[in-house]
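I am opening a fresh page for this structure. These are my notes on what I looked up, entry by entry.

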Amino acid sequence: MESSPKKNCTIRELAHYVGLSTCTVSRVLNYQGTGALSIPEKTQKRILDAAKKLNYVPNVNAQRFFTRRSNVIGLLVPSQEEMGHSVFADTHFAGILSGIEHALTATEYNLLLLFNRPEYKENRRYEGMFKSGFLDGLLIWGIHRSDRYWEQLARLSGPRIFLTSIPETGSGTEPSFVASDYEQAAYGIVTELLRRGCRRFCWLAGNEDTSLITQLREGIRKAGVELPPDDIRFSDYTEEAGSRCIADLFAGKSYDAVLATAPQLARSAMRFVEAHALPVQVGSFDGQKSTRHPADHFISALTNDSEIGKTAFEKLVARIKGKEKSIHIRIPVDFCFSPDDSKVSGMQTGAADRKTIT
């Protein structure tokens, strides 16, 4: 016959058991490991041992009162309507989430997933949650440069870090972020194509409203290539859009190199090049080693999304605890300069260590 689960004791019962005041017991339970206790270690150990023996489970609301923390971090992501597909279908997000999980297991924190749906922005669904201190901090993924909703969150939500996408503030001061070094990615890809003899470049750029565009432009420019507007096409990131844009570009001009912000666009360009037997090289700025196809015969920068998630979570926890101020970190990319995706280069191309914290 199965035994009944042991009944949880209250803090009053625990205090009575060890012969101390509930205030002393509560301080030990809520401030252990913080270095803020003047209570002898022998007494602390007696309380903690008794709590374990009596199956004491702390009251969450009481903990929040004493520590002024909820031990909950929010992760705000775009809605399906905004993305055009489920966030979980995005391989970059899946990698970031994997990194967050890795960092989460080493802390006392829990993660709360929040969807940034259009109607939530209008009815301020999350405002009470942020104002009440339910969240200790917020990670924000998938924001656009022009999006202003985050400014409302900034006034309500305490410490926050943007993942990958960095909004424009209008003040010239960047908010805290952890992102791939897309300037390095563009510089590395363009430099390699120049080394191979390419001189006439065009660019399948993807969404113009993402912060990647600004960084990619700078990396292309630093590599020594200037792209006029006629040689750039903006679109979504689907292969269908890439096919339309590449056909449009080659209808009026000839090129020997196609730059693509995303692998989907690069695949469209590669199919067009192969179908027309053109002597054209293709490079992608935003690839992943885990998602390269055997037929991906283009060179690519490879992001480390797991490292972005892990670093962002760790830095946000440090900010919550007052150990960090402003966070500006760019995670270096690797490069695949061969159709064989096992041959990955770790060259930094002028960005030897772009991890920076200010």
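**Entry: helix H14**

The model is predicted, and I keep that in mind throughout. I began with helix H14, residues 305–320. Does its length fit its residue count? I would rather ask it this way: what should 16 residues span at 1.5 Å a residue? They should span 22 Å. I looked up the end C-alpha atoms of H14 and found them 23 Å apart, which agrees.Next I checked which residues of H14 are buried. Asp 305 and Ile 308 are on the list, as are Gly 309, Thr 311, Ala 312 and Phe 313. Lys 315, Leu 316, Val 317, Ala 318 and Ile 320 are buried too. Just past the end of H14, I noted Gly 322, with a positive phi of about 80°.

**Entry: the whole chain**

I stepped back to the full chain. I have 14 helices and 13 strands in my count. The chain has 358 residues, and 46% of them count as buried. I also looked at contacts with a separation of 6 or more. Of these, 68% join residues 24 or more positions apart. The accessible surface comes to about 18000 Å². Carbon and sulfur atoms hold 51% of that surface.

**Entry: helix H10**

H10 covers residues 182–195. How far does H10 reach from its first C-alpha to its last? It reaches 20 Å, close to the 20 Å expected for its 14 residues. H10 is mostly covered, with 10 of its 14 residues buried. Among them are Tyr 182, Glu 183, Gln 184, Ala 185 and Ala 186. Further along H10, I marked Gly 188, Ile 189, Val 190, Glu 192 and Leu 193 as buried. Gly 197 comes just after H10 and takes a positive phi of about 100°.

**Entry: cysteines**

I searched the whole structure for disulfides and found zero. For my own reference, a disulfide is a covalent bond between the sulfur atoms of two cysteines. I then looked up two cysteines. Cys 245 is buried, at 11% relative accessible area. Cys 336 is also buried, at 0%.

**Entry: cavities**

How many cavities of 30 Å³ or more are there? I count two. The largest cavity has a volume of about 50 Å³. Its lining has 10 residues. Pro 78, Asn 116, Trp 141, Gly 142 and Ile 143 lie nearest its centre. Strand S1 (72–78) and strand S3 (137–141) are the elements that give two or more residues to this lining. S1 gives the most, with three residues.

**Entry: Arg 267**

Arg 267 sits in helix H13, residues 263–275. Is Arg 267 buried or exposed? I get a relative accessible area of 13%, so Arg 267 counts as buried, the limit being under 20%. I set aside neighbours within four places in sequence and listed the contacts of Arg 267. They are Glu 239, Thr 291, His 293, Asp 296 and Phe 298.

**Entry: His 92**

His 92 is in helix H6, residues 91–104. It is buried, at 16% relative accessibility. I compared sequence and space for His 92 and Ser 306. They are 214 residues apart in sequence, with C-alpha atoms 8.5 Å apart in space. Beyond four places in sequence, His 92 is in contact with Asp 286, Gly 287, Gln 288, Thr 303 and Asp 305. Asp 305 is already on this page as one of the buried residues of H14.

**Entry: Phe 177**

Phe 177 belongs to strand S5, residues 177–180. At 2% relative accessibility, Phe 177 counts as buried. Which residues does Phe 177 touch, not counting those up to four places away in sequence? I found Ile 161, Phe 162, Ile 166, Ile 327, His 328, Ile 329 and Arg 330. I checked the pair Phe 177 and Ile 329 further. They are 152 residues apart in sequence and 6.3 Å apart from C-alpha to C-alpha.

**Entry: positive phi outside glycine**

Most residues other than glycine have a negative phi. I noted two that take a positive value. Asn 55 has phi near 60°. It lies in the loop between helix H3 (41–53) and helix H4 (60–67). Asn 55 is partly exposed, at 27% relative accessible area. Thr 164 has phi near 70°. I found Thr 164 in the loop between strand S4 (160–163) and S5. Thr 164 is buried, at 10% relative accessible area.

Key:
Residues are numbered from 1 along each chain as its sequence is written. This is a predicted model: local features need pLDDT of at least 70, side-chain atom pairs count only at pLDDT 80 or more; totals for chains, interfaces and linings use all residues. Side-chain values use heavy atoms; hydrogens and water are left out. Helices (H or I, at least four residues) and strands (E, at least two) are DSSP runs, numbered from the N terminus. Buried means under 20% relative accessible area, exposed over 50%, partly exposed in between (1.4 Å probe, protein chains only). Contact means heavy atoms within 4.5 Å. Accessible areas come from the Shrake-Rupley method with a 1.4 Å probe; for residues, only the protein chains shown count as cover. The expected span of a helix is 1.5 Å times one less than its number of residues. A disulfide is a pair of cysteine sulfur atoms within 2.5 Å. On a 1 Å grid over the protein atoms alone, a cavity is a set of points where a 1.4 Å probe fits but cannot get out, and a pocket is an open set with protein on both sides within 12 Å along at least five of seven lines; lining residues have an atom within 4 Å of a point. Grid points are joined across faces, edges and corners, and a volume is the space filled by probe spheres set on the points.
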